[in-house]
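Notebook open, model loaded. I want to walk through the pockets, the cores and the strand pairing, and jot down what I find.

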Amino acid sequence: MPSRRYVQGWGALSLAVGAVLVTTAAAQDPAPGRAAVAAARGPALLTVGTCSVTGGLCRVPRTTVSLDAPAPVELPGVATGPVDLALRTPGRLTDVTVTDRRGRRIAGRAGGDGTRWTSDVPLPAGGAYTARLVLEEDRPGGVRRRILRLAVRTAKAPEGERLTVAFGPGEGAPGRTYGVGQPVTAQLSHPVPAAEPGARRIVERALEVRSEPRAEGAWHWVDADTLHYRPRVYWPSGATVRVRSGLDGARVTDRLHGGRSRPLTFTTGSRVEAVTDVAAHEMRVYRDGRLLRVIPVTTGKPGFRTRVGTKVVLGKESMVRMRGDSIGIARGSREFYDLKVRWATRVTWSGEYLHAAPWSLDAQGSEDVSHGCTGMSTEAARWLFRTVREGDLVRVVHGYGEPMTPFGNGYGDWNLGWPDWLRGSALGVRPARPGSAGSPLRPAL
(Lines give C-alpha, C1' and ligand atoms only; values in the text may rest on other atoms or scores of the structure.)
Protein backbone atom coordinates (compact mmCIF):
# COMPACT_ATOMS: atom_id res chain seq x y z
CA MET A 1 0.00 0.00 0.00
CA PRO A 2 1.36 3.46 -0.81
CA SER A 3 2.35 5.67 2.09
CA ARG A 4 0.88 8.77 0.45
CA ARG A 5 -2.47 8.93 -1.19
CA TYR A 6 -3.46 11.79 -3.38
CA VAL A 7 -6.45 13.15 -5.20
CA GLN A 8 -6.63 11.48 -8.67
CA GLY A 9 -10.07 12.29 -9.93
CA TRP A 10 -13.26 14.00 -8.80
CA GLY A 11 -16.13 15.40 -10.80
CA ALA A 12 -16.69 19.16 -11.04
CA LEU A 13 -18.79 20.40 -8.16
CA SER A 14 -20.79 23.39 -6.98
CA LEU A 15 -18.33 25.36 -4.86
CA ALA A 16 -18.99 28.13 -2.38
CA VAL A 17 -15.84 29.06 -0.56
CA GLY A 18 -15.84 30.61 2.91
CA ALA A 19 -12.26 31.47 3.67
CA VAL A 20 -10.69 32.67 6.87
CA LEU A 21 -7.07 33.60 6.51
CA VAL A 22 -4.78 33.37 9.50
CA THR A 23 -1.25 34.73 9.17
CA THR A 24 1.67 34.05 11.39
CA ALA A 25 5.16 35.37 10.94
CA ALA A 26 7.77 32.70 10.57
CA ALA A 27 10.34 35.26 11.59
CA GLN A 28 9.79 38.74 13.09
CA ASP A 29 11.43 41.67 11.34
CA PRO A 30 13.59 43.36 13.99
CA ALA A 31 14.62 46.35 11.91
CA PRO A 32 13.03 49.70 12.97
CA GLY A 33 10.74 51.21 10.38
CA ARG A 34 10.32 47.95 8.46
CA ALA A 35 6.57 47.89 9.19
CA ALA A 36 6.26 51.37 7.72
CA VAL A 37 7.99 50.18 4.54
CA ALA A 38 5.59 47.20 4.30
CA ALA A 39 2.61 49.45 4.84
CA ALA A 40 3.82 51.73 2.09
CA ARG A 41 3.93 48.78 -0.24
CA GLY A 42 0.38 47.72 0.68
CA PRO A 43 -0.95 44.35 1.80
CA ALA A 44 -0.14 41.07 0.12
CA LEU A 45 -3.14 39.90 -1.89
CA LEU A 46 -4.28 36.41 -2.93
CA THR A 47 -7.20 35.66 -5.23
CA VAL A 48 -9.33 32.53 -5.00
CA GLY A 49 -11.24 31.25 -8.02
CA THR A 50 -12.19 28.19 -10.02
CA CYS A 51 -11.30 26.88 -13.44
CA SER A 52 -13.74 26.04 -16.21
CA VAL A 53 -12.54 22.46 -16.55
CA THR A 54 -9.71 20.32 -15.29
CA GLY A 55 -6.62 21.71 -16.96
CA GLY A 56 -8.61 24.63 -18.43
CA LEU A 57 -8.47 28.38 -17.96
CA CYS A 58 -9.44 29.83 -14.60
CA ARG A 59 -12.31 32.25 -14.83
CA VAL A 60 -13.70 35.35 -13.15
CA PRO A 61 -15.23 36.46 -10.87
CA ARG A 62 -12.52 35.83 -8.33
CA THR A 63 -12.41 36.72 -4.66
CA THR A 64 -9.40 38.67 -3.40
CA VAL A 65 -8.13 38.02 0.11
CA SER A 66 -5.77 40.33 1.99
CA LEU A 67 -3.08 38.29 3.67
CA ASP A 68 -2.50 41.12 6.14
CA ALA A 69 -6.16 41.57 7.15
CA PRO A 70 -7.76 38.15 7.31
CA ALA A 71 -11.53 38.10 6.94
CA PRO A 72 -14.06 35.52 5.87
CA VAL A 73 -14.79 35.60 2.15
CA GLU A 74 -17.22 33.79 -0.07
CA LEU A 75 -16.52 32.97 -3.70
CA PRO A 76 -19.65 33.63 -5.79
CA GLY A 77 -20.82 31.54 -8.69
CA VAL A 78 -20.81 27.85 -9.45
CA ALA A 79 -17.51 26.03 -9.67
CA THR A 80 -17.11 23.69 -12.60
CA GLY A 81 -13.48 22.79 -12.17
CA PRO A 82 -10.41 22.86 -9.92
CA VAL A 83 -9.73 25.54 -7.32
CA ASP A 84 -7.11 28.16 -8.19
CA LEU A 85 -5.04 30.30 -5.78
CA ALA A 86 -3.09 33.18 -7.32
CA LEU A 87 -0.75 35.70 -5.68
CA ARG A 88 -1.54 39.24 -6.88
CA THR A 89 1.28 41.17 -5.23
CA PRO A 90 5.08 40.71 -5.40
CA GLY A 91 6.33 37.53 -3.82
CA ARG A 92 6.53 33.75 -4.25
CA LEU A 93 4.47 30.83 -2.97
CA THR A 94 7.24 28.40 -2.15
CA ASP A 95 4.98 25.68 -0.76
CA VAL A 96 1.23 25.02 -0.84
CA THR A 97 -0.39 22.07 0.98
CA VAL A 98 -4.16 21.54 0.99
CA THR A 99 -5.80 18.90 3.20
CA ASP A 100 -9.36 17.89 4.00
CA ARG A 101 -10.80 17.63 7.51
CA ARG A 102 -9.37 14.09 7.86
CA GLY A 103 -5.87 15.20 6.97
CA ARG A 104 -5.91 13.72 3.49
CA ARG A 105 -3.84 15.69 1.03
CA ILE A 106 -5.36 17.23 -2.10
CA ALA A 107 -3.11 16.99 -5.13
CA GLY A 108 -2.30 20.14 -7.06
CA ARG A 109 0.38 21.85 -9.08
CA ALA A 110 2.26 25.11 -8.65
CA GLY A 111 2.95 27.58 -11.43
CA GLY A 112 6.52 27.88 -12.63
CA ASP A 113 6.91 31.44 -11.34
CA GLY A 114 5.64 30.60 -7.84
CA THR A 115 2.57 32.83 -8.03
CA ARG A 116 -0.20 30.24 -8.61
CA TRP A 117 -1.41 26.90 -7.27
CA THR A 118 -4.25 24.90 -8.86
CA SER A 119 -5.82 21.69 -7.55
CA ASP A 120 -5.70 18.76 -9.92
CA VAL A 121 -9.46 18.26 -9.66
CA PRO A 122 -12.49 20.01 -8.13
CA LEU A 123 -13.06 19.72 -4.40
CA PRO A 124 -16.05 17.58 -3.39
CA ALA A 125 -19.13 19.41 -2.17
CA GLY A 126 -19.91 19.72 1.51
CA GLY A 127 -16.28 19.55 2.59
CA ALA A 128 -13.90 21.57 4.77
CA TYR A 129 -10.32 22.11 3.64
CA THR A 130 -7.22 23.88 4.93
CA ALA A 131 -4.54 25.39 2.70
CA ARG A 132 -1.10 26.01 4.20
CA LEU A 133 0.88 28.51 2.12
CA VAL A 134 4.47 29.58 2.54
CA LEU A 135 4.95 33.11 1.14
CA GLU A 136 8.32 34.73 0.52
CA GLU A 137 8.54 38.48 -0.13
CA ASP A 138 11.60 40.50 -1.08
CA ARG A 139 11.95 43.34 1.40
CA PRO A 140 14.71 45.85 2.14
CA GLY A 141 17.38 44.02 4.02
CA GLY A 142 16.40 40.51 2.94
CA VAL A 143 13.59 38.03 2.28
CA ARG A 144 10.53 37.96 4.50
CA ARG A 145 9.01 34.49 4.90
CA ARG A 146 5.45 33.98 6.19
CA ILE A 147 3.27 30.92 6.79
CA LEU A 148 -0.39 31.45 5.94
CA ARG A 149 -3.40 29.25 6.48
CA LEU A 150 -6.57 29.46 4.43
CA ALA A 151 -9.72 27.69 5.61
CA VAL A 152 -11.99 26.67 2.72
CA ARG A 153 -15.48 25.24 2.77
CA THR A 154 -17.44 23.88 -0.15
CA ALA A 155 -21.21 24.13 -0.21
CA LYS A 156 -23.38 21.06 -0.14
CA ALA A 157 -24.48 19.79 -3.52
CA PRO A 158 -27.79 21.38 -4.56
CA GLU A 159 -30.98 19.47 -4.00
CA GLY A 160 -31.96 17.30 -6.92
CA GLU A 161 -30.98 14.02 -8.42
CA ARG A 162 -28.31 11.93 -6.71
CA LEU A 163 -26.23 9.33 -8.52
CA THR A 164 -25.74 6.27 -6.32
CA VAL A 165 -24.30 2.86 -7.09
CA ALA A 166 -25.43 -0.65 -6.15
CA PHE A 167 -22.47 -3.01 -6.29
CA GLY A 168 -22.62 -6.73 -6.96
CA PRO A 169 -22.29 -9.61 -6.37
CA GLY A 170 -24.74 -10.05 -3.53
CA GLU A 171 -25.69 -7.45 -0.97
CA GLY A 172 -22.17 -6.69 0.13
CA ALA A 173 -22.23 -8.89 3.24
CA PRO A 174 -18.61 -9.20 4.41
CA GLY A 175 -17.06 -12.63 4.26
CA ARG A 176 -19.05 -14.21 1.43
CA THR A 177 -16.87 -16.27 -0.89
CA TYR A 178 -17.16 -16.42 -4.68
CA GLY A 179 -15.27 -18.08 -7.48
CA VAL A 180 -12.32 -16.42 -9.19
CA GLY A 181 -14.39 -15.66 -12.29
CA GLN A 182 -16.92 -13.44 -10.50
CA PRO A 183 -17.08 -9.95 -12.07
CA VAL A 184 -17.90 -6.89 -9.98
CA THR A 185 -21.02 -5.08 -11.17
CA ALA A 186 -22.00 -1.45 -10.64
CA GLN A 187 -25.65 -0.54 -11.22
CA LEU A 188 -26.10 3.25 -11.43
CA SER A 189 -29.28 4.88 -10.15
CA HIS A 190 -29.32 7.21 -13.17
CA PRO A 191 -28.04 6.63 -16.71
CA VAL A 192 -24.81 8.28 -17.87
CA PRO A 193 -24.94 8.05 -21.67
CA ALA A 194 -21.95 7.57 -23.94
CA ALA A 195 -22.68 11.03 -25.35
CA GLU A 196 -21.35 12.43 -22.03
CA PRO A 197 -17.80 11.03 -21.94
CA GLY A 198 -16.64 13.54 -19.33
CA ALA A 199 -19.35 12.42 -16.92
CA ARG A 200 -18.45 8.79 -17.55
CA ARG A 201 -14.84 9.51 -16.70
CA ILE A 202 -15.87 11.17 -13.44
CA VAL A 203 -17.96 8.13 -12.51
CA GLU A 204 -15.35 5.57 -13.48
CA ARG A 205 -12.52 7.30 -11.62
CA ALA A 206 -14.65 7.38 -8.47
CA LEU A 207 -15.44 3.63 -8.47
CA GLU A 208 -12.58 2.00 -6.62
CA VAL A 209 -11.74 -1.70 -6.65
CA ARG A 210 -8.90 -3.08 -4.53
CA SER A 211 -7.83 -6.65 -4.14
CA GLU A 212 -5.30 -8.37 -1.90
CA PRO A 213 -3.32 -9.93 -3.51
CA ARG A 214 -3.40 -7.29 -6.21
CA ALA A 215 -4.81 -7.99 -9.65
CA GLU A 216 -4.74 -5.66 -12.63
CA GLY A 217 -8.28 -4.87 -13.75
CA ALA A 218 -10.59 -2.32 -15.37
CA TRP A 219 -14.20 -1.16 -15.60
CA HIS A 220 -16.22 -1.72 -18.77
CA TRP A 221 -19.42 0.20 -19.58
CA VAL A 222 -22.06 -2.40 -20.47
CA ASP A 223 -24.70 0.28 -21.06
CA ALA A 224 -25.65 3.73 -19.77
CA ASP A 225 -26.33 2.57 -16.21
CA THR A 226 -24.28 -0.63 -15.81
CA LEU A 227 -20.54 -1.23 -15.47
CA HIS A 228 -18.63 -4.47 -14.96
CA TYR A 229 -15.16 -4.79 -13.48
CA ARG A 230 -12.91 -7.78 -14.01
CA PRO A 231 -9.21 -8.49 -13.69
CA ARG A 232 -7.08 -8.99 -16.78
CA VAL A 233 -6.98 -12.64 -15.83
CA TYR A 234 -9.03 -14.25 -13.08
CA TRP A 235 -8.94 -13.11 -9.47
CA PRO A 236 -6.22 -14.74 -7.38
CA SER A 237 -7.40 -17.63 -5.20
CA GLY A 238 -8.03 -16.53 -1.63
CA ALA A 239 -8.19 -12.84 -2.49
CA THR A 240 -10.11 -10.17 -0.58
CA VAL A 241 -11.87 -7.72 -2.90
CA ARG A 242 -13.10 -4.35 -1.65
CA VAL A 243 -15.27 -2.04 -3.74
CA ARG A 244 -16.39 1.49 -2.88
CA SER A 245 -17.75 4.63 -4.51
CA GLY A 246 -16.12 8.02 -4.11
CA LEU A 247 -18.99 9.79 -5.86
CA ASP A 248 -20.57 11.28 -2.74
CA GLY A 249 -20.72 15.04 -3.29
CA ALA A 250 -19.19 14.91 -6.76
CA ARG A 251 -20.71 17.01 -9.55
CA VAL A 252 -21.24 14.58 -12.40
CA THR A 253 -23.36 16.80 -14.68
CA ASP A 254 -25.30 20.06 -14.30
CA ARG A 255 -28.30 18.12 -13.00
CA LEU A 256 -26.61 15.15 -11.34
CA HIS A 257 -24.49 14.92 -8.19
CA GLY A 258 -23.07 11.88 -6.50
CA GLY A 259 -24.68 10.39 -3.42
CA ARG A 260 -23.62 7.85 -0.82
CA SER A 261 -23.39 4.20 -1.83
CA ARG A 262 -22.88 1.05 0.19
CA PRO A 263 -19.43 -0.55 -0.24
CA LEU A 264 -18.90 -4.19 -1.10
CA THR A 265 -16.43 -6.74 0.26
CA PHE A 266 -16.06 -10.37 -0.77
CA THR A 267 -13.42 -13.07 -0.89
CA THR A 268 -12.51 -15.61 -3.54
CA GLY A 269 -12.06 -19.32 -3.07
CA SER A 270 -9.98 -21.82 -4.99
CA ARG A 271 -9.86 -21.59 -8.77
CA VAL A 272 -12.47 -24.16 -9.82
CA GLU A 273 -13.08 -24.77 -13.53
CA ALA A 274 -15.48 -27.19 -15.19
CA VAL A 275 -14.37 -27.69 -18.80
CA THR A 276 -16.82 -29.45 -21.12
CA ASP A 277 -15.31 -30.86 -24.30
CA VAL A 278 -18.34 -31.22 -26.56
CA ALA A 279 -16.53 -33.32 -29.16
CA ALA A 280 -15.29 -35.75 -26.48
CA HIS A 281 -18.64 -35.77 -24.58
CA GLU A 282 -16.89 -35.27 -21.26
CA MET A 283 -16.40 -32.67 -18.54
CA ARG A 284 -13.13 -32.25 -16.66
CA VAL A 285 -13.28 -30.45 -13.31
CA TYR A 286 -10.15 -28.78 -11.93
CA ARG A 287 -9.29 -27.09 -8.66
CA ASP A 288 -6.24 -24.80 -8.76
CA GLY A 289 -5.07 -26.64 -11.87
CA ARG A 290 -5.41 -30.14 -10.39
CA LEU A 291 -7.82 -32.53 -12.11
CA LEU A 292 -10.53 -33.64 -9.70
CA ARG A 293 -12.82 -35.69 -11.89
CA VAL A 294 -13.78 -36.63 -15.47
CA ILE A 295 -17.55 -36.83 -16.02
CA PRO A 296 -19.33 -38.27 -19.09
CA VAL A 297 -21.87 -35.73 -20.33
CA THR A 298 -24.36 -34.98 -23.06
CA THR A 299 -24.82 -31.47 -24.47
CA GLY A 300 -27.18 -29.72 -26.87
CA LYS A 301 -28.36 -31.58 -29.97
CA PRO A 302 -28.73 -29.96 -33.42
CA GLY A 303 -31.10 -27.02 -33.17
CA PHE A 304 -30.37 -26.63 -29.46
CA ARG A 305 -26.58 -26.49 -29.38
CA THR A 306 -24.87 -25.56 -26.12
CA ARG A 307 -23.19 -22.16 -26.22
CA VAL A 308 -19.41 -22.29 -26.46
CA GLY A 309 -17.06 -20.09 -24.49
CA THR A 310 -16.53 -19.18 -20.85
CA LYS A 311 -19.44 -18.80 -18.44
CA VAL A 312 -19.68 -18.15 -14.73
CA VAL A 313 -21.82 -20.02 -12.20
CA LEU A 314 -24.83 -17.80 -11.43
CA GLY A 315 -26.46 -19.95 -8.76
CA LYS A 316 -27.49 -23.45 -7.72
CA GLU A 317 -30.88 -25.07 -7.22
CA SER A 318 -31.24 -28.54 -5.73
CA MET A 319 -34.58 -28.91 -7.55
CA VAL A 320 -35.85 -26.86 -10.47
CA ARG A 321 -38.81 -27.31 -12.80
CA MET A 322 -37.79 -27.08 -16.46
CA ARG A 323 -40.35 -26.54 -19.20
CA GLY A 324 -39.89 -26.32 -22.93
CA ASP A 325 -41.97 -23.17 -23.33
CA SER A 326 -39.39 -21.26 -21.24
CA ILE A 327 -37.00 -21.52 -24.22
CA GLY A 328 -39.63 -21.17 -26.94
CA ILE A 329 -40.70 -24.78 -27.47
CA ALA A 330 -44.47 -24.90 -28.01
CA ARG A 331 -46.63 -27.09 -25.80
CA GLY A 332 -47.80 -30.20 -27.61
CA SER A 333 -44.79 -30.30 -29.92
CA ARG A 334 -42.52 -33.34 -30.03
CA GLU A 335 -39.69 -31.39 -28.37
CA PHE A 336 -41.75 -30.03 -25.45
CA TYR A 337 -40.78 -31.15 -21.94
CA ASP A 338 -41.89 -30.50 -18.38
CA LEU A 339 -39.49 -32.02 -15.84
CA LYS A 340 -38.40 -31.66 -12.25
CA VAL A 341 -34.61 -31.65 -12.40
CA ARG A 342 -32.20 -32.31 -9.54
CA TRP A 343 -28.84 -30.73 -8.71
CA ALA A 344 -28.99 -27.88 -11.22
CA THR A 345 -26.07 -25.44 -11.53
CA ARG A 346 -27.11 -22.38 -13.52
CA VAL A 347 -24.81 -20.61 -16.03
CA THR A 348 -27.19 -18.40 -18.10
CA TRP A 349 -30.31 -16.42 -17.31
CA SER A 350 -32.03 -17.97 -20.32
CA GLY A 351 -32.00 -21.38 -18.62
CA GLU A 352 -28.77 -23.20 -19.37
CA TYR A 353 -27.78 -25.51 -16.50
CA LEU A 354 -25.42 -28.32 -15.63
CA HIS A 355 -27.77 -30.87 -14.08
CA ALA A 356 -28.74 -34.46 -13.40
CA ALA A 357 -30.27 -36.15 -16.46
CA PRO A 358 -30.99 -39.79 -15.52
CA TRP A 359 -33.18 -40.18 -18.63
CA SER A 360 -30.13 -39.77 -20.92
CA LEU A 361 -27.62 -42.06 -19.23
CA ASP A 362 -27.17 -44.10 -22.40
CA ALA A 363 -26.17 -41.01 -24.37
CA GLN A 364 -23.81 -39.51 -21.80
CA GLY A 365 -20.25 -39.82 -22.99
CA SER A 366 -21.24 -40.62 -26.58
CA GLU A 367 -24.07 -38.47 -27.98
CA ASP A 368 -25.62 -34.99 -27.75
CA VAL A 369 -29.34 -35.23 -26.93
CA SER A 370 -30.19 -32.28 -24.64
CA HIS A 371 -31.98 -29.02 -25.38
CA GLY A 372 -28.86 -26.99 -24.57
CA CYS A 373 -28.04 -27.96 -21.00
CA THR A 374 -25.15 -30.19 -19.97
CA GLY A 375 -26.58 -33.42 -18.58
CA MET A 376 -24.87 -36.05 -16.45
CA SER A 377 -25.68 -38.78 -13.94
CA THR A 378 -27.49 -37.88 -10.74
CA GLU A 379 -24.45 -38.81 -8.64
CA ALA A 380 -22.10 -36.70 -10.78
CA ALA A 381 -24.48 -33.74 -10.78
CA ARG A 382 -24.77 -33.88 -6.99
CA TRP A 383 -20.97 -33.97 -6.67
CA LEU A 384 -20.57 -31.02 -9.03
CA PHE A 385 -23.31 -29.10 -7.22
CA ARG A 386 -21.40 -29.50 -3.95
CA THR A 387 -18.02 -28.71 -5.53
CA VAL A 388 -18.70 -25.42 -7.33
CA ARG A 389 -19.87 -22.03 -6.02
CA GLU A 390 -21.14 -18.82 -7.56
CA GLY A 391 -18.40 -17.19 -9.60
CA ASP A 392 -16.68 -20.45 -10.57
CA LEU A 393 -15.80 -20.96 -14.21
CA VAL A 394 -17.58 -23.16 -16.72
CA ARG A 395 -15.95 -23.46 -20.15
CA VAL A 396 -17.39 -25.18 -23.22
CA VAL A 397 -14.83 -26.06 -25.89
CA HIS A 398 -14.82 -27.86 -29.24
CA GLY A 399 -18.53 -27.27 -29.62
CA TYR A 400 -20.93 -26.33 -32.40
CA GLY A 401 -23.16 -23.75 -30.71
CA GLU A 402 -23.22 -19.97 -30.82
CA PRO A 403 -20.61 -18.10 -28.77
CA MET A 404 -21.55 -17.07 -25.26
CA THR A 405 -22.37 -13.35 -25.35
CA PRO A 406 -20.30 -11.09 -23.07
CA PHE A 407 -23.34 -9.45 -21.44
CA GLY A 408 -27.07 -9.86 -21.04
CA ASN A 409 -27.34 -13.61 -20.46
CA GLY A 410 -25.18 -14.16 -17.44
CA TYR A 411 -21.51 -13.34 -17.04
CA GLY A 412 -19.79 -13.84 -20.37
CA ASP A 413 -17.26 -11.12 -19.54
CA TRP A 414 -14.30 -13.44 -20.01
CA ASN A 415 -15.12 -13.94 -23.67
CA LEU A 416 -13.76 -10.47 -24.42
CA GLY A 417 -10.03 -10.19 -24.90
CA TRP A 418 -8.23 -7.65 -22.72
CA PRO A 419 -7.82 -5.00 -25.47
CA ASP A 420 -11.54 -5.24 -26.28
CA TRP A 421 -12.35 -5.01 -22.58
CA LEU A 422 -10.31 -1.83 -22.19
CA ARG A 423 -12.12 -0.26 -25.12
CA GLY A 424 -15.21 -0.28 -22.92
CA SER A 425 -13.50 1.98 -20.37
CA ALA A 426 -14.22 5.73 -20.47
CA LEU A 427 -10.68 6.53 -19.33
CA GLY A 428 -9.07 5.54 -22.60
CA VAL A 429 -5.88 4.29 -20.95
CA ARG A 430 -4.76 1.12 -19.29
CA PRO A 431 -5.68 1.56 -15.63
CA ALA A 432 -3.28 1.06 -12.77
CA ARG A 433 -3.44 -2.03 -10.63
CA PRO A 434 -6.15 -2.12 -7.97
CA GLY A 435 -4.66 -1.07 -4.67
CA SER A 436 -2.54 1.62 -6.34
CA ALA A 437 -5.29 3.69 -7.96
CA GLY A 438 -8.92 4.50 -7.44
CA SER A 439 -10.47 6.89 -4.98
CA PRO A 440 -9.49 10.53 -5.57
CA LEU A 441 -8.94 11.27 -1.87
CA ARG A 442 -6.16 9.34 -0.24
CA PRO A 443 -4.70 9.79 3.22
CA ALA A 444 -1.12 11.00 3.44
CA LEU A 445 1.19 10.37 6.35
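Entry 1, the second largest pocket. I started with who lines it: strand β26 gives the largest share of the lining of the second largest pocket, with 4 residues. Before going further, a reminder to myself that this is a predicted model. β26 spans 315–323, and the other elements that put two or more residues into this lining are β27 (338–346), β28 and β29 (374–376). I looked up the volume next, and the second largest pocket holds about 660 Å³ of space. Its lining runs to 35 residues, and I327, Y337, G351, H371 and C373 are the ones nearest the centre. How does the lining divide by class? I get 14 nonpolar, 14 polar and 7 charged residues for the second largest pocket.

Entry 2, H355. Since β28 came up in the pocket lining, I picked a residue from that strand. H355 sits in β28, which covers residues 353–356. Is H355 buried or exposed? H355 has a relative accessible area of 5%, and the cut-off for buried is under 20%, so H355 counts as buried. Then I listed its contacts, leaving out neighbours within four places in sequence. H355 touches M322, V341, R342, W343 and A344, and also C373, T374, G375, M376 and A381.

Entry 3, the largest nonpolar core. I moved on to the packing. The largest nonpolar core has 35 residues, and V203, L207, W219 and L247 have the most contacts inside it. Which elements give two or more residues to this core? I noted β13 (165–168), β15 (184–188), α2 (197–206), β16 (207–212), β17 (217–223), β18 (226–231), β19 (240–245) and β21 (264–268). Of these, α2 gives the most, with 4 residues. I took V203 as a way in: beyond four places in sequence, V203 touches L163, L188, V192, W221, L247 and V252. Apart from this core there is another one, of 20 residues, which includes V83, W117, L148 and L150. A general note in the margin: in soluble globular proteins, nonpolar side chains tend to be buried together.

Entry 4, helix α2. I wanted the whole list of its buried residues, and I got A199, R200, I202, V203, E204 and A206. R200 and E204 are on that list too, so I wrote them down next to the nonpolar ones, going by the class rule that counts Arg and Glu as charged. What do the buried residues of α2 pack against? They pack against β12 (161–163), β15, β16, β17 and β19.

Entry 5, the cavity. I ran the cavity search as well, and 1 cavity of 30 Å³ or more turned up. The largest cavity has about 90 Å³ of space. Its lining has 10 residues, with V83, L85, V98, L123 and V152 nearest its centre. Two elements give two or more residues to that lining, β5 (83–87) and β9 (116–119). By class, I count 9 nonpolar residues, 1 polar and no charged in the lining of the largest cavity. V83 caught my eye, as V83 is one of the residues nearest the centre of the cavity and is also among those in the core of 20 residues.

Entry 6, strand pairing around β6. Strand β6 (residues 92–100) runs antiparallel to β10 (residues 128–139), with 8 bridges between them. L93 has L135 in β10 as its bridge partner. β6 also pairs with β7 (residues 104–106), again antiparallel, over 2 bridges. There T99 stands opposite R105 in β7. I checked the hairpin of β6 and β7 too: there are 3 residues between the strands, and G103 takes a positive phi near 85 degrees.

Entry 7, strand pairing around β30. Parallel or antiparallel for β22 (residues 272–277) and β30 (residues 393–397)? They run parallel, joined by 5 bridges, and D277 stands opposite V397. β25 (residues 309–312) and β30 run antiparallel, with 4 bridges. T310 has R395 in β30 as its bridge partner.

Entry 8, totals. I finished with the protein as a whole. I have 4 helices and 31 strands, and buried residues make up 49% of the 445 residues. Among contacts with a separation of 6 or more, 70% are between residues 24 or more positions apart.

Key:
Residues are numbered from 1 along each chain as its sequence is written. This is a predicted model: local features need pLDDT of at least 70, side-chain atom pairs count only at pLDDT 80 or more; totals for chains, interfaces and linings use all residues. Side-chain values use heavy atoms; hydrogens and water are left out. On a 1 Å grid over the protein atoms alone, a cavity is a set of points where a 1.4 Å probe fits but cannot get out, and a pocket is an open set with protein on both sides within 12 Å along at least five of seven lines; lining residues have an atom within 4 Å of a point. Grid points are joined across faces, edges and corners, and a volume is the space filled by probe spheres set on the points. A nonpolar core is a set of buried Ala, Val, Leu, Ile, Met, Phe, Trp, Tyr and Cys residues joined through side-chain atoms within 4.5 Å. Buried means under 20% relative accessible area, exposed over 50%, partly exposed in between (1.4 Å probe, protein chains only). Contact means heavy atoms within 4.5 Å. Two strands pair if DSSP finds at least two bridges between them.
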